[in-house]
Amino acid sequence: MGGSQKQLELEEARKAGLAPAEVDEDGKEINPHIPQYMSSAPWYLNAEKPSLKHQRKWKSDPNYTKSWYDRGAKIFQADKYRKGACENCGAMTHNVKSCMERPRKIGAKWTNMHIAPDEKIETFELDYDGKRDRWNGGGSTGTVRNLRIREDIAKYLLNLDVNSAYYDPKTRSMREDPLPDADPNEKFYGGDNQYRMSGQALEFKQLNIHAWEAFEKGQDIHMQAAPSQAELLYKNFKIIKEKLKSQMKNAIMEKYGNAAAQEELPKELLLGQTERQVEYDRAGRIIKGLETSLPKSKYEEDVYINNHTSVWGSWWKDHQWGYKCCKQTIRNSYCTGAAGIEAAEAAADLMKANIDHTPTPTEEKRLATWGTDVPDDLEDERKREEKDERKRKYNVRWNDEVTPEEMEAYRMKKIHDDDPMKDFLH
């Protein structure tokens with residue numbers, strides 16, 4: 001058996017726990033399940049014994065550090081200006097071009113007053129991670145956790161019904177109201193949607209709606225591209241809207257008056273009570289105690305137009321309303337007075353007389369002409385019968401001229417191809 005075969009059996013025994021694990025140069029056991037490409041060291045390290053040292057951070061330089069500058073630290077405070085110091089503040093650690101203080105009207109070099117202290121200057125040699133650590137020197141940053149008070153009940157415990165409001169455990173949000181039927185004065189939580197319809201969220205929503213409607217009407221406005229412009233236009237819109245509303249209110253008050261600014265109404269009208277006794281019958285009609293008031297119309301009363309002395313509807317004849325003063329049935333007509341009534345009556349009498357004197361047509365008896373045995377009316381009836389194809393004799397000739405009445409009857413009975421109702425005639 002060769003050496004390689006013995007080595008394979010030894011590795012199998014170590015993996016099975018029958019043989020002790022291999023130990024590196026530091027005396028630490030090596031896990032037998034580690035693959036060979038990880039446990040074998042590179043050739044350039046010249047490793048004589050098995051070890052995992054090459055997998056660890058073996059290029060560690062103690063000179064590298066992760067410390068950072070001491071910001072704002074001062075080391076020395078001078079009493080007077082020193083040669084070579086900053087001409088503006090008087091500090092020795094920088095020149096006037098690199099000075100971070102506000103430029104003085106007269107520098108410390110000439111006033112010799114308010115000399116700034118020298119800054120602490122440090123140099124560091126950072127390692128690979130220290131140069132790329134974006135939070136290096138930032139100090140300890142604490143995180144604020146959104147914790148609830150122990151006495152408060154969690155959102156998802158307010159209603160344990162599976163069909164109640166949905167709770168998202170990832171965002172810890174519950175949009176709907178878990179207790180919609182509860183008294184709003186007693187519950188402390190009504191869902192996350194209640195914050196969307198109140199405060200600045202509602203104002204932002206109205207601003208977006210105004211921007212959309214203005215864009216649809218042709219204005220060059222966009223909420224995301226120019227938010228300041230959209231907000232300014234919305235403010236101007238609200239100001240103009242309030243101004244128009246106040247103008248309309250003042251115009252209505254000037255025309256109809258302001259009932260709120262008048263004297264106080266009596267308590268009888270406010271409370272709907274009175275000491276006046278009213279008696280009613282079984283049908284609900286008032287018998288005693290209250291005067292019956294005439295019904296008022298919503299139209300303007302006692303207004304005469306076009307020189308009329310009576311209102312429209314004061315006269316009725318032949319199912320038509322009219323004016324009593326001139327008996328005209330045209331509403332926008334001009335009043336003609338008594339002369340118009342007389343002229344209308346005269347015209348009506350004349351028309352009636354003409355109707356009465358119209359001669360009535362008398363029927364004349366048609367007699368047979370001389371030399372014939374059959375009267376003319378019977379002859380005409382015989383001719384009509386002969387025209388009928390069912391009663392006409394073979395040796396009879398008749399006139400084929402078409403009369404206007406027959407042509408009209410033909411047009412009425414004819415079925416036209418372009419008639420949309422031809423399918424319904426049969």
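Is Asp192 buried or exposed? Asp192 is buried, with a relative accessible area of 19%, where buried means under 20% relative accessible area, exposed means over 50%, and partly exposed lies in between (1.4 Å probe, protein chains only). The close-up views below show where Asp192 and several other residues sit.

This is a predicted model, in which local features need pLDDT of at least 70 and side-chain atom pairs count only at pLDDT 80 or more, while totals for chains, interfaces and linings use all residues. Residues are numbered from 1 along each chain as its sequence is written, and side-chain values use heavy atoms, with hydrogens and water left out.

**View 1. Lys155 and Asp192 form a salt bridge.** A salt bridge is a side-chain nitrogen of Lys or Arg within 4 Å of a carboxyl oxygen of Asp or Glu. Here the N to O distance is 3.8 Å. Both residues lie in the loop between α4 (128-131) and α5 (200-216), so their pairing ties together parts that are 37 residues apart in sequence. Helices (H or I, at least four residues) and strands (E, at least two) are DSSP runs, numbered from the N terminus. Asp192 is buried, whereas Lys155, at 25% relative accessibility, is partly exposed.

**View 2. Arg82 and Asp118 make another salt bridge.** Their side chains meet at 2.9 Å, N to O. Arg82 belongs to the loop between β3 (74-76) and α3 (108-111) and Asp118 to strand β4 (residues 118-119), so this pair ties together parts that are 36 residues apart in sequence. Asp118 is buried, with a relative accessible area of 6%. Its partner Arg82 is partly exposed, at 21%.

**View 3. Arg104 and Glu101 are joined, and a network links Asp70, Lys120 and Glu122.** The closest N and O atoms of Arg104 and Glu101 are 3.4 Å apart. Both partners are partly exposed: Arg104 has a relative accessible area of 23%, and Glu101 has 37%. Elsewhere, salt bridges connect Asp70, Lys120 and Glu122 in a network. How many salt bridges does a search of the whole structure find? The search finds 10.

**View 4. Helix α8 has a buried face.** This helix covers residues 337-356, which makes 20 residues. From its first C-alpha to its last it reaches 29 Å, close to the 28 Å expected at 1.5 Å a residue; the expected span is 1.5 Å times one less than the number of residues. Gly337, Gly340 and Ile341 are buried in α8. Seen down the helix axis, the buried residues fall within an arc of 100 degrees, so they line one face. The arc is that of the directions from the helix axis to the C-beta atoms. The other side of α8 has exposed residues, including Glu342, Asp349 and Asp356. An α-helix has 3.6 residues a turn, so residues three or four places apart point the same way.

**View 5. Seven residues make up the largest nonpolar core.** A nonpolar core is a set of buried Ala, Val, Leu, Ile, Met, Phe, Trp, Tyr and Cys residues joined through side-chain atoms within 4.5 Å. Its 7 members are Leu207, Ala211, Ala214, Ile221, Met223, Ala230 and Tyr234. Two elements, α5 and α6 (227-256), give two or more residues to this core, and α5 provides the largest share, 3 residues. Look for Met223: leaving aside neighbours within four places in sequence, Met223 is in contact (heavy atoms within 4.5 Å) with Phe204, Leu207, Asn208, Ala211 and Ala230. In soluble globular proteins, nonpolar side chains tend to be buried together.

**View 6. Gln328 sits in the loop between β8 (320-322) and α8.** A polar atom of the Gln328 side chain lies 2.9 Å from the backbone oxygen of Tyr334. Not counting residues up to four places away in sequence, Gln328 touches several residues, among them Trp312, Trp315 and Trp321. Gln328 and Trp315 are 13 residues apart in sequence and 8.6 Å apart in space, C-alpha to C-alpha.

**View 7. Ser51 lies in the loop between α2 (36-39) and β3.** Ser51 is buried, with a relative accessible area of 8%. The backbone nitrogen of Lys53 is 3.0 Å from a polar atom of the Ser51 side chain. Leaving out residues up to four places away in sequence, Ser51 touches Asp24, Glu25, Ile30 and Ser39.

How values were computed. A polar contact is a pair of N or O atoms within 3.5 Å; within protein, one must be able to donate a hydrogen and the other to accept it, and residues adjacent in sequence count only if both atoms are side-chain atoms.
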